[in-house]
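Here's a quick tour for someone meeting this structure for the first time. Take a look at it before reading on.

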Amino acid sequence: MTSSVALCTYNGQTYISEQLDSILNQTRPVSEIVICDDGSTDGTLELLSNYAERYPEIIKVFRNPDNLGYVGNFEKAMSLCSGDIVFLCDQDDRWYGNKTEAITDIFINNKNTNIVCHNIKLFGNSLEGSDEMVYWHMESFDPDNFSKPEDLFKRLLYEGNVFPGMSMAIRNGFLKNHLPLKKVNYVIIHDYELLLLAADQNSLWIERSILGEYRIHPKQSIGYKAFSEFNPSEVKNLSREDLFKVFQRYSFVKKIISGLNLNTKFDAEYIQYCHQKYKDYLKKLPLLDRLINQIKMKYYFHIFDYLK
């Protein structure tokens, strides 16, 4: 199988060489690296030109005449990829040397798989001196807890994405069938949208191996504040504010199910999910507080109105 890398850049000169070197040093070489630059004003384009001159058969650089933004730039890069498999790639991370080989073998041996997601490790100056941090630990995610495919889908839809784009590879036939992206919500960016579609079709493969490193730094588009301040020893209980967010998310869930033409049964099941979270929250309160909170939630805060 041939493979493409969809790599997006924007003022990424600090780390782009390290990322490209990790891609070019794979045990199973990639067929092409499609790079779309979204109007960099630093030395990114010069670095990319140097790499393209050294690897003219592999590296293809496109400069956007207008800034497309994070999602639009990835949509363009993905659309230009010709390989059987498309690896999504940020400009500031690192791949382990066996990444493309391990993922390609999964696609070869599993014809019904459309997306493969692998585990990743966090790294960066802000994390130095701390214990090894794995992305899934940050999200309290353990694939062993999802024995049924629909349980994984509900985890992604109800609680949010746990697979960054840089940990994803997509079968190109599936990808092209879903381009252009629907962009039904600003939260549902390119990787999240495609993941939900694949999970809904039971064609999402979770690879437990750590096959890359996700860099944490102040200039990254997503993740710096949450990950740099994360304390793995903290045990977080469901607060009243958290419970409100669960109920308020219902309108979001309804819109995504409708906009992406997902299985409509998950609409009703989200309501059940909210009621279970409500029970779990009350269960941890002393009896008197529980009774007071039940009254307040229903008649003062009107929390169940969010489910209408």
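What follows covers a helix pair, the nonpolar cores and one loop residue.

This is a predicted model, where local features need pLDDT of at least 70, side-chain atom pairs count only at pLDDT 80 or more, and totals for chains, interfaces and linings use all residues. Residues are numbered from 1 along each chain as its sequence is written, and side-chain values use heavy atoms, leaving out hydrogens and water.

Let's start with the helices (DSSP runs of H or I, at least four residues).

| Helix | Residues in the contact |
|---|---|
| α1 | Ile16, Ser17, Leu20, Asp21, Leu24 |
| α2 | Leu47, Leu48, Tyr51 |

Contact here means heavy atoms within 4.5 Å. By type, the residues where α1 meets α2 split into 6 nonpolar, 1 polar and 1 charged, with Asp, Glu, Lys and Arg counting as charged, Ala, Val, Leu, Ile, Met, Phe, Trp, Tyr, Cys and Pro as nonpolar, and the others as polar.

Now for the nonpolar cores: sets of buried Ala, Val, Leu, Ile, Met, Phe, Trp, Tyr and Cys residues joined through side-chain atoms within 4.5 Å, where buried means under 20% relative accessible area (1.4 Å probe, protein chains only). The largest has 70 residues, and Ile115, Leu157, Phe163, Leu196, Leu204 and Ile256 touch the most other members. Apart from that one lies another core of 23 residues, including Leu7 and Cys89.

Finally, Glu139 sits in the loop between α5 (135-138) and α6 (149-159). Its relative accessibility is 25%, so Glu139 counts as partly exposed, the class between buried and exposed (over 50%). Beyond residues up to four places away in sequence, Glu139 touches Arg155, Asn161 and Val162.

Terms used
Helix = DSSP H or I, 4+ residues; strand = E, 2+ residues; numbered from the N terminus.
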